[in-house]
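Colleague: I am new to this one. Could you take me through how the helices pack and where the cavities lie?

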Amino acid sequence: MEASKENNSSIPLLRPYKMGPFHLSHRVVLAPLTRQRSYGNVPQPHAAVYYSQRATDGGLLITEATGVSDTAQGYADTPGVWTAEQAAAWKPIVDAVHAKGKKGAVFFCQLWHVGRVSTTAFQPNGRAPISSTDRGVSPQISHDGRLEEFSTPRRLEIEEIPSIVEDFRKAASNAVEVAGFDGVEIHGAHGYLIEQFLKDSANDREDEYGGSLENRCRFALEVVDAVVKEVGAHRVGVRLSPFTDFMDCHDSHPEALAAYMVEKLSSMGVLYCHMIEPRMAIVDGRRKIPHRLLPLRKAFKGTFIAAGGYDREEGNKVVEEGYTDLVSFGRLFLANPDLPHRFGIPDAPLNKYDRATFYTSDPVVGYTDYPFLHHQEPPAAASS
C-alpha cells in the first residue's frame, strides 16, 4: 500500500522528487541492510519477496552490501555480483521490484569490499584479507554479544590496486547490464576497504595512496571514476561516513575529508551522495541527531541522502527545512515493509524490530514475516 497523492503535499517525506532521470514518488529510501541470507554468496528467491515487500511505485531501494570479488567477503551468506551466476540470480529479484505498481520502484545495488574486516576463512585459498594497511582490526563485540576477531590483513601493493578498481567496474557492469539494476551505490563507509584508504587511522601508506588528503582519497575516486565510465554518472551513488568510528576507522579531520570528497563527487556528476550523520548524542534523556551535514548538502550538486537514526518526525523536519533531499531508513524499514504507507497515516503504529533476527539465515523469520498495516488508508488532504 502507498500513501495517497493527496497527502504528498502536506507530508514532506511523501512529496515527489526528481533524482536525475528518476521520478520518485516520495523521499523515503530503503537503506542498505546486511541480511546474510544469500547462501553461498548467491542471492536467493526469498530476497525477491523481501525487496518487493518494501518496494513502492516510484520508491528508491538500495540493496544490502554486495561483494565485488571473491576477496570482498567478511561475513557468512552475503551476496555477490562478481560472477555470472550471482548476477543472473539477482535478475528475478530486480524484476520483482520493478514490477511494483505502474512504473515500478527504483533499485540500486550497493557495491562492497570489506577489506581487512574479514578472516582467512572467508578469503580464497585461506589467504590474508587485503587492505590499505597491514594493521589489523581490534576484536569487536558483535550484535549478539560475541567477540569477533579478524585476521591480520595484507597491505595491497601499489601495482595491485588497479585490479581492485577493475573488480568494482566489472561488478557495476554485472549489476546494471546483467541483473538489470537501475544503478549502483559504491560503499565508501563503515570501516570497509574504501574507507580504510580514506581515513588516516587506517591508512599508514607512504606512497601515492597515503599521507595527504588527496592521496588517501585517490583509491575511492579511481573506483568512482571507473564505475561512472562503465554505467554513467546518472546511475552512480556513493555512501560515506566521514564522522563515524567503526572497525577502527576514524579520521583526525573528518570535516575536511567530507568536504573534499563531496567536492570531487559533485564535479564528477555523481547522481547522489548518501551521507551518514555523526553518532547521536543523548540530550535530556533523548537521542539527538547532530545535524552536521548541511554544509556538505549545500556543496553537493546532485541528490543528497541523509542517514542515521531518523524517525518520521525528524525525517519530515529535515526534508521540510531543505537539510536533505531524501532520508534513508534502516531498522524502521526492515520491521515495517510498508513504511511509506504508515508515514502517511497520523499516529500509525510501527512494528518493533527484532535485533536477534537481523543476521540469522532463516528465509522467513525476521525477514519476510513482519506484518503490513492493511486496515487503514491515509486520509485525504483537506481541500484548499
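What follows is a short exchange on helix packing and internal cavities.

Modeller: Keep in mind that this is a predicted model.

Colleague: At roughly what angle do helix α7 and helix α8 cross?
Modeller: Take α7 as residues 218–231 and α8 as residues 254–267. Their axes come within 11 Å. The angle at which these axes cross is roughly 20 degrees.

Colleague: Is α7 roughly parallel or roughly antiparallel to α8?
Modeller: The axes of α7 and α8 cross at roughly 20 degrees. Angles under 35 degrees count as roughly parallel. Therefore α7 and α8 are roughly parallel.

Colleague: How many residues in the contact of α7 with α8 are charged?
Modeller: On the α7 side, Ala220, Leu221 and Val224 make the contact. Tyr260, Met261, Lys264 and Leu265 do so from α8. Six of the contact residues are nonpolar and none is polar. The charged count is one.

Colleague: What is the handedness of the crossing of α4 and α7?
Modeller: Helix α4 covers residues 161–178. The axes of α4 and α7 come within 9 Å and cross at roughly 35 degrees. The crossing of α4 and α7 is right-handed.

Colleague: How many nonpolar residues are in the contact of α4 with α7?
Modeller: From α4, the contact includes Ile161, Phe168 and Val176. From α7, Phe219, Val223 and Val227 are among the residues that make it. The contact also holds one polar and three charged residues. The nonpolar count is 11.

Colleague: Is α2 roughly parallel or roughly perpendicular to α3?
Modeller: Helix α2 is residues 46–53, and helix α3 is residues 84–98. Their axes lie 8 Å apart, at an angle of about 25 degrees. Angles under 35 degrees count as roughly parallel. So α2 and α3 are roughly parallel.

Colleague: How many charged residues does the contact of α2 with α3 have?
Modeller: Ala47, Ala48, Tyr51 and Ser52 of α2 meet Trp90, Pro92, Ile93, Ala96 and Val97 of α3. By class, eight of the contact residues are nonpolar and one is polar. The number of charged residues is zero: there are no charged residues.

Colleague: Now the cavities. What is the volume of the largest cavity?
Modeller: Count cavities of 30 Å³ or more, and there are two. The second largest has a volume of about 30 Å³. For the largest cavity, the volume is about 60 Å³.

Colleague: Which element gives the most to the lining of the largest cavity?
Modeller: The lining includes Glu195, Leu198, Leu257, Ala258 and Met261. Two helices, α5 (193–198) and α8, each supply at least two residues of this lining. With three residues, the element that gives the most is α8.

Colleague: How many residues lining the largest cavity are charged?
Modeller: Glu195 and Lys199 are among the lining residues, and Glu and Lys count as charged. The lining also has six nonpolar and two polar residues. The charged count is two.

Colleague: Which element gives the most to the lining of the second largest cavity?
Modeller: Ile186, His187 and Gly188 are among the residues that line this cavity. The elements β11 (183–188), α7 and β12 (236–240) each supply at least two residues. With three residues, the element that gives the most is β11.

Colleague: How many nonpolar residues line the second largest cavity?
Modeller: Its lining includes Ile194, Ala220, Val224, Val238, Leu240 and Met261. Two lining residues are polar, and no charged residues appear. The nonpolar count is seven.

Notes. Residues are numbered from 1 along each chain as its sequence is written. This is a predicted model: local features need pLDDT of at least 70, side-chain atom pairs count only at pLDDT 80 or more; totals for chains, interfaces and linings use all residues. Side-chain values use heavy atoms; hydrogens and water are left out. Axes are lines fitted to C-alpha atoms, for helices over the stretch in contact, and angles run from 0 to 180 degrees between N-to-C directions. Helices (H or I, at least four residues) and strands (E, at least two) are DSSP runs, numbered from the N terminus. Angles under 35 degrees count as roughly parallel, over 145 as roughly antiparallel, 65 to 115 as roughly perpendicular and the rest as oblique. Contact means heavy atoms within 4.5 Å. On a 1 Å grid over the protein atoms alone, a cavity is a set of points where a 1.4 Å probe fits but cannot get out, and a pocket is an open set with protein on both sides within 12 Å along at least five of seven lines; lining residues have an atom within 4 Å of a point. Grid points are joined across faces, edges and corners, and a volume is the space filled by probe spheres set on the points. A crossing is left-handed if the near helix is turned anticlockwise from the far one by less than a right angle, and right-handed if clockwise.
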